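Here is a colleague's note, set out as numbered points. Please keep the structure open while reading.

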Amino acid sequence: MIRMQAVGLCVVVACLSMAAPAVAAGKYDGSVPMLCAVTSLSECTADGKCEKSAPEAGNNLPTFLRVDVKGGALIANDGSGRKTMIKTSSVVDGQLMLQGVENRKAWNMVIGSETGRWGGSVVEDDGSFAIFGSCTLP
């Protein structure tokens with residue numbers, strides 16, 4: 001009886017240890033590159049007027065971007081070759097936090113490590129974009 005319990009416990013432990021890497025690999029923690037889509041955005045002017053916009057609707061923001069934390073870059077997935085360097089990245093309370101600067105603009109991106117949903121902004125002295133979307137793993 002004790003031997004059966006020991007064998008059963010070993011089987012349970014072995015199954016749990018095999019499942020752990022699969023769970024860890026599903027995290028949106030920046031350990032592997034992600035493809036992220038912009039699903040909605042709003043453009044705001046310095047006077048506080050905001051309106052919904054669409055990606056690529058005259059605002060020069062890509063619809064899809066590749067987030068490569070290890071490579072240190074966000075890359076437009078439209079064949080243009082555009083990319084911006086990630087200046088800082090960290091995981092805080094289950095959120096992947098990314099920040100950078102480009103062309104006199106500051107940007108940030110917060111990706112939910114469990115869900116892949118994200119929100120971000122691009123800010124300059126006379127306006128900003130509030131951007132939301134979702135990421136997927138390769």
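1. Start with a short link. The side chains of S80 and D78 are joined by a polar contact of 2.6 Å. Keep in mind that this is a predicted model.

2. Where does S80 lie? It is in the loop between β4 and β5. Its relative accessible area is 41%, so S80 counts as partly exposed. The side chain of S80 also has a polar atom 3.2 Å from the backbone nitrogen of R82. Now look across to P62. S80 and P62 are 18 residues apart in sequence, and their C-alpha atoms are 9.6 Å apart in space.

3. Move on to T84, in strand β5. Is T84 buried or exposed? T84 is buried, because its relative accessible area is 13% and the cut-off for buried is under 20%. Two side chains make polar contacts with the side chain of T84. One is E102, at 2.9 Å. Another is W107, at 3.4 Å.

4. Which residues are in contact with T84, leaving aside its neighbours within four places in sequence? They are G72, A73, L74, V101, E102 and W107. So E102 and W107 appear in this list, and each also makes a polar contact with T84 through its side chain.

5. T84 leads to the largest pocket. Its volume is about 650 Å³. The lining has 24 residues, and T84 is one of those that lie nearest the centre, along with N60, L61, P62 and V122. Which elements give two or more residues to this lining? They are β4 (73-76), β5 (83-85), β8 (105-112), β9 (117-124) and β10 (127-136).

6. What is the lining made of, by class? There are 13 nonpolar residues, 7 polar ones and 4 charged ones. P62 deserves a second look. It is among the residues nearest the pocket centre, and it is also the partner in the 9.6 Å C-alpha distance to S80.

7. Next comes D68, found in strand β3 (residues 64-68). D68 has a relative accessible area of 16%, so it is buried. Its side chain reaches the backbone nitrogen of G71 at 2.9 Å. Leaving aside neighbours within four places in sequence, D68 is in contact with P33, A73, I75 and I86. A73 is worth marking: it is in contact with D68 and with T84.

8. Now the disulfides. A disulfide is a covalent bond between the sulfur atoms of two cysteines. How many does the structure hold? It holds 2. Counting bonded cysteines along the chain, the pattern is 1-4, 2-3.

9. Take the pair C36 and C135. Their sulfur atoms are 2.0 Å apart. C36 lies in strand β1 (residues 34-45) and C135 in strand β10, so this disulfide ties together parts that are 99 residues apart in sequence. C36 and C135 are both buried. The torsion about their S-S bond is about 100°, so the disulfide is right-handed. Strand β10 also gives two or more residues to the lining of the largest pocket.

10. Finish with C44 and C50, which are joined by a disulfide with an S to S distance of 2.0 Å. Why is this disulfide called right-handed? Because the torsion about the S-S bond of C44 and C50 is about 115°. C44 has 16% relative accessibility, so it counts as buried.

Note on methods. Residues are numbered from 1 along each chain as its sequence is written. This is a predicted model: local features need pLDDT of at least 70, side-chain atom pairs count only at pLDDT 80 or more; totals for chains, interfaces and linings use all residues. Side-chain values use heavy atoms; hydrogens and water are left out. On a 1 Å grid over the protein atoms alone, a cavity is a set of points where a 1.4 Å probe fits but cannot get out, and a pocket is an open set with protein on both sides within 12 Å along at least five of seven lines; lining residues have an atom within 4 Å of a point. Grid points are joined across faces, edges and corners, and a volume is the space filled by probe spheres set on the points. Helices (H or I, at least four residues) and strands (E, at least two) are DSSP runs, numbered from the N terminus. Ala, Val, Leu, Ile, Met, Phe, Trp, Tyr, Cys and Pro count as nonpolar, Asp, Glu, Lys and Arg as charged, and the others, Gly among them, as polar. A disulfide is a pair of cysteine sulfur atoms within 2.5 Å. Buried means under 20% relative accessible area, exposed over 50%, partly exposed in between (1.4 Å probe, protein chains only). A polar contact is a pair of N or O atoms within 3.5 Å; within protein, one must be able to donate a hydrogen and the other to accept it, and residues adjacent in sequence count only if both atoms are side-chain atoms. Contact means heavy atoms within 4.5 Å.
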